[in-house]
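Got a minute to walk through a model before heading back to the bench? Here's a quick briefing to read alongside the picture.

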Amino acid sequence: MEKRTIYRYLTLAGVLPFVAGVILPIAGIQTVLPVGELHALVGSYGLAIVSFLAGTHWAMQLMAPAKTPFDLFVASNTIFLATWFAYILLSLPWALLIQALALLALLHIDHRLRAAGLTSHRYFGTRVGATFAASISLIVIFTTS
């Protein structure tokens, strides 16, 4: 496996818990023993992913502050904080919907970073696929909860 493309495999593997949150209930699995209810696990995982993606934006801001199209510290942190507040204040289905919207907002930031030449076309393509798979999964969970 080429080091330069390992992010593609890791990104796609990172989508699996979201997809499992849709498929496992169809198979009758609602709980993952001993850790808890499946959709709550997806919610916790989604919050971690939003935090991770915001962190990658922070890294880009630190590496190339003059090239970033806007302050990524503020933009990404605002998205993460909104997601976190939704997670602690709203019911789980609504928090999952907010996570889907947050993933799309972070993808928009990645689009702007791609336009500024800070990321590659291949990286952005991987992010598009992963974001849509995760967001659609979260929306399906929202509509079935």
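What follows is a short tour by topic, from the surface to the interior. Keep in mind that this is a predicted model. There is a nonpolar patch on the surface, a cis peptide bond between Leu 33 and Pro 34, and a buried phenylalanine, Phe 18, in helix 1.

**The nonpolar patch**

- Seven names to look for on the surface are Leu 81, Trp 84, Phe 85, Ile 88, Leu 89, Leu 90 and Trp 94, which together make a nonpolar patch with about 700 Å² of accessible area.
- Helix 3, covering residues 72–89, is the biggest giver here, with five residues in the patch.
- Leu 90 belongs to the patch too, but it sits in the loop between helix 3 and helix 4 (92–115).
- Leu 90 has a relative accessibility of 42%, so it counts as partly exposed.

**Aromatic rings in the patch**

- The structure has five aromatic pairs.
- One of them is Trp 84 with Phe 85: the ring centres are 5.0 Å apart and the planes meet at 55°, so this pair is called tilted.
- Trp 84 comes out as partly exposed because its relative accessibility is 34%.
- Phe 85 is also partly exposed, at 41% relative accessibility.

**Thr 68 in its loop**

- Look for Thr 68 in the loop that links helix 2 (38–63) and helix 3.
- Is Thr 68 buried or exposed? Its relative accessible area is 11%, so it is buried, the cut-off being under 20%.
- The Thr 68 side chain reaches the backbone oxygen of Pro 65 at 3.2 Å.
- Setting aside neighbours within four places in sequence, Thr 68 touches Met 60, Gln 61 and Leu 118.

**The cis bond**

- Leu 33 and Pro 34 are joined by a cis peptide bond, with omega at about 0°.
- Pro 34 is in the loop between strand 1 (31–32) and strand 2 (36–37).

**Phe 18 inside**

- Phe 18 is part of helix 1, which runs over residues 6–26.
- With just 2% relative accessibility, Phe 18 counts as buried.
- What is Phe 18 in contact with, leaving aside neighbours within four places in sequence? The list is Val 42, Tyr 45, Gly 46, Ile 49, Ala 134, Ser 137, Leu 138 and Ile 141.
- Phe 18 and Gly 129 are 111 residues apart in sequence, yet their C-alpha atoms are 13 Å apart in space.

Methods
Residues are numbered from 1 along each chain as its sequence is written. This is a predicted model: local features need pLDDT of at least 70, side-chain atom pairs count only at pLDDT 80 or more; totals for chains, interfaces and linings use all residues. Side-chain values use heavy atoms; hydrogens and water are left out. Patches are made of residues with over 30% relative accessible area and no salt bridge: like charges are joined within 9 Å, nonpolar side chains (Val, Leu, Ile, Met, Phe, Trp, Tyr) within 5 Å. Accessible areas come from the Shrake-Rupley method with a 1.4 Å probe; for residues, only the protein chains shown count as cover. A salt bridge is a side-chain nitrogen of Lys or Arg within 4 Å of a carboxyl oxygen of Asp or Glu. Helices (H or I, at least four residues) and strands (E, at least two) are DSSP runs, numbered from the N terminus. Buried means under 20% relative accessible area, exposed over 50%, partly exposed in between (1.4 Å probe, protein chains only). Rings of Phe, Tyr and Trp (its six-membered ring) pair if their centres lie within 6.5 Å; planes under 30 degrees apart count as stacked, over 60 as edge-to-face and the rest as tilted. A polar contact is a pair of N or O atoms within 3.5 Å; within protein, one must be able to donate a hydrogen and the other to accept it, and residues adjacent in sequence count only if both atoms are side-chain atoms. Contact means heavy atoms within 4.5 Å.
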